[in-house]
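Subject: Handover of a structure, with notes

Dear colleague,

I am passing on to you a structure that you have not worked with before. Please look through the sequence and the model below, and then read the notes that come after them.

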Amino acid sequence: GSGKGVVRRVGSSSSEDMPRRNVIPTAESQSTATTCVPEVTSSTDSQLSPEVRPEGAVLQQDIGAGANTGSAFVGTQQQQQLPPRAMPHDEITHGDGKVEKVLGTGQQVITFNNGTKKEISADGHTVSVTFFNGDMKQILPDERVVYYYADANTSHTTFPDGLEILQFPNNQVEKHYPDGTKEIIFPDHTVKYLHPNGSEESVFPDGTVLRVEINGQKTMEFPNGQREIHTAQFKKREYPDGTVKTVYQDGRQETRYSSGRLRVKDRDGNVIVDEKC
C-alpha cells in the first residue's frame with residue numbers, strides 16, 4: 001500500500017516460503033469491547049516471511065533489504081529480471097531445492113522444497129502464494145493484500161489506504177480503519193463501533209442504540225422514542241411525552257410528569273413528595 005506498486009523477490013530467500021506465525025486472528029466476542037488484532041511487532045523477514053506487521057511496512061523493508069543483499073526486485077511497472085540465460089519454458093533448480101519455472105505465457109512459478117508454491121503473473125501485477133500449511137496470500141493489481149488462514153478459516157485483507165477487513169467463518173466481519181476506529185459486524189447484524197478515545201457505540205437489529213462514554217456513562221435510545229441513561233449516581237428513563245423517571249443510588253425514585261407533577265418515593269416505596277403544578 002505504499003503506492004510504489006507490487007514488489008516481489010525472485011532471488012532465493014530462506015523465509016520466503018513460510019506462512020505467518022503467531023498472528024492468527026480470532027473473532028471478537030459480542031459481550032466484550034476489545035477486538036482481537038494480529039500482533040504488530042518489528043521484524044526483518046522478507047515479504048513472504050511470517051508477517052507480524054502491516055503489509056506496507058514489509059514491502060518497504062524488503063526493498064531496502066534487496067539493495068543490501070543484491071537480490072533482484074521487480075516492481076509492477078518493470079519487466080521481469082530473469083536469471084542469466086533463462087528463457088521461456090526454462091527450469092532452474094537451486095541448491096536448496098527450490099525450483100523456478102518460467103512458462104510460455106510469461107508466468108513464473110516457484111516451488112519450494114517444503115511444498116510452498118509462489119506464482120507471479122507475467123505482468124508482475126499479481127502474486128499468489130500457497131503455503132505448505134494451507135495458508136494462502138495474494139498481492140493483487142490494486143495493491144490489496146489478502147491473507148487466508150487455513151486453520152482458522154479466516155481471511156485478512158489489507159487495502160492501500162490502510163483499511164483492514166477480517167472475515168471469520170461465523171460470518172462476523174471486523175473493519176479496522178486507519179484512524180483507529182474499529183467496526184464489528186456480528187452474525188446477528190449487531191454493529192459495534194470502538195472509537196480511538198475509548199468510547200463505544202452499538203446498533204442492534206431492532207434499532208436500539210447503546211453508547212458507552214469513557215467515563216462509564218451509558219445511554220440507550222429505543223425505537224419507541226424512549227431514552228435511558230445510566231451513571232454512577234442514577235438511572236434515568238425519558239419518555240416521548242416528556243415524563244422522566246429517575247432511580248437514585250440510594251434507592252429513591254423520582255417521577256417528573258410532562259404536566260409538571262413531581263412524585264418522589266423513598267427506598268421502601270413510600271411516597272414522600274407528591275406535588276402538582
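The notes below go through the core, the aromatic rings, some strand pairs and loops, and a pocket.

Please keep in mind throughout that this is a predicted model.

I begin with the core. The largest nonpolar core has 11 residues, namely Ile 110, Phe 112, Ile 120, Val 127, Val 129, Phe 131, Ile 139, Val 145, Tyr 147, Tyr 149 and Ala 152. At least two residues of this core are supplied by each of strand 7 (127–130) and strand 9 (145–149), and strand 9 gives the largest share, with 3 residues. As a general background, nonpolar side chains in soluble globular proteins tend to be buried together. Three of the core residues also appear in another grouping, as Phe 131, Tyr 147 and Tyr 149 form one aromatic cluster.

Next come the aromatic pairs, of which the structure holds 3. One of them joins Phe 234 and Tyr 248 in an edge-to-face arrangement, with 6.4 Å from centre to centre and 65 degrees between the planes. The two residues of this pair are 14 residues apart and so link distant parts of the chain, Phe 234 being in strand 19 (residues 234–238) and Tyr 248 in strand 20 (residues 244–248). Phe 234 is partly exposed, at a relative accessible area of 24%, and Tyr 248 is likewise partly exposed, with a relative accessible area of 24%. Tyr 248 has a further neighbour in Arg 252, which lies over the face of the ring at 4.4 Å from the ring centre.

I turn now to the strand pairs. Strand 15 (residues 200–203) and strand 16 (residues 209–212) run antiparallel and are joined by 4 bridges, with Ser 202 having Leu 210 of strand 16 as its bridge partner. The hairpin of these two strands has 5 residues between the strands, and in that hairpin Gly 207 takes a positive phi near 100 degrees. Strand 16 also pairs with strand 17 (residues 218–221), again in the antiparallel sense and over 4 bridges, and here Val 212 stands opposite Lys 218 in strand 17. In the hairpin of strand 16 and strand 17, which has 5 residues between the strands, Gly 216 takes a positive phi near 95 degrees.

Two residues in loops deserve a look for their backbone angles. Asn 153 is not a glycine, yet has a positive phi of about 50 degrees; this residue is placed in the loop between strand 9 and strand 10 (154–158), and counts as partly exposed at 41% relative accessibility. His 189, in the loop between strand 13 (182–185) and strand 14 (191–194), has a positive phi near 80 degrees, although His 189 too is a residue other than glycine. With a relative accessible area of 60%, His 189 is exposed, because that value is over 50%.

Last is the second largest pocket, in which about 160 Å³ of space lies. Of the 14 residues that line this pocket, the closest to its centre are Lys 245, Thr 246, Val 247, Gln 253 and Thr 255. At least two residues of the lining come from each of strand 18 (227–230), strand 19, strand 20, strand 21 (253–256) and strand 22 (262–265).

With best regards

Note on methods. Residues are numbered from 1 along each chain as its sequence is written. This is a predicted model: local features need pLDDT of at least 70, side-chain atom pairs count only at pLDDT 80 or more; totals for chains, interfaces and linings use all residues. Side-chain values use heavy atoms; hydrogens and water are left out. A nonpolar core is a set of buried Ala, Val, Leu, Ile, Met, Phe, Trp, Tyr and Cys residues joined through side-chain atoms within 4.5 Å. Buried means under 20% relative accessible area, exposed over 50%, partly exposed in between (1.4 Å probe, protein chains only). Rings of Phe, Tyr and Trp (its six-membered ring) pair if their centres lie within 6.5 Å; planes under 30 degrees apart count as stacked, over 60 as edge-to-face and the rest as tilted. A charge sits over a ring if NZ of Lys or CZ of Arg is within 6 Å of the ring centre and within 35 degrees of the ring normal. Two strands pair if DSSP finds at least two bridges between them. On a 1 Å grid over the protein atoms alone, a cavity is a set of points where a 1.4 Å probe fits but cannot get out, and a pocket is an open set with protein on both sides within 12 Å along at least five of seven lines; lining residues have an atom within 4 Å of a point. Grid points are joined across faces, edges and corners, and a volume is the space filled by probe spheres set on the points.
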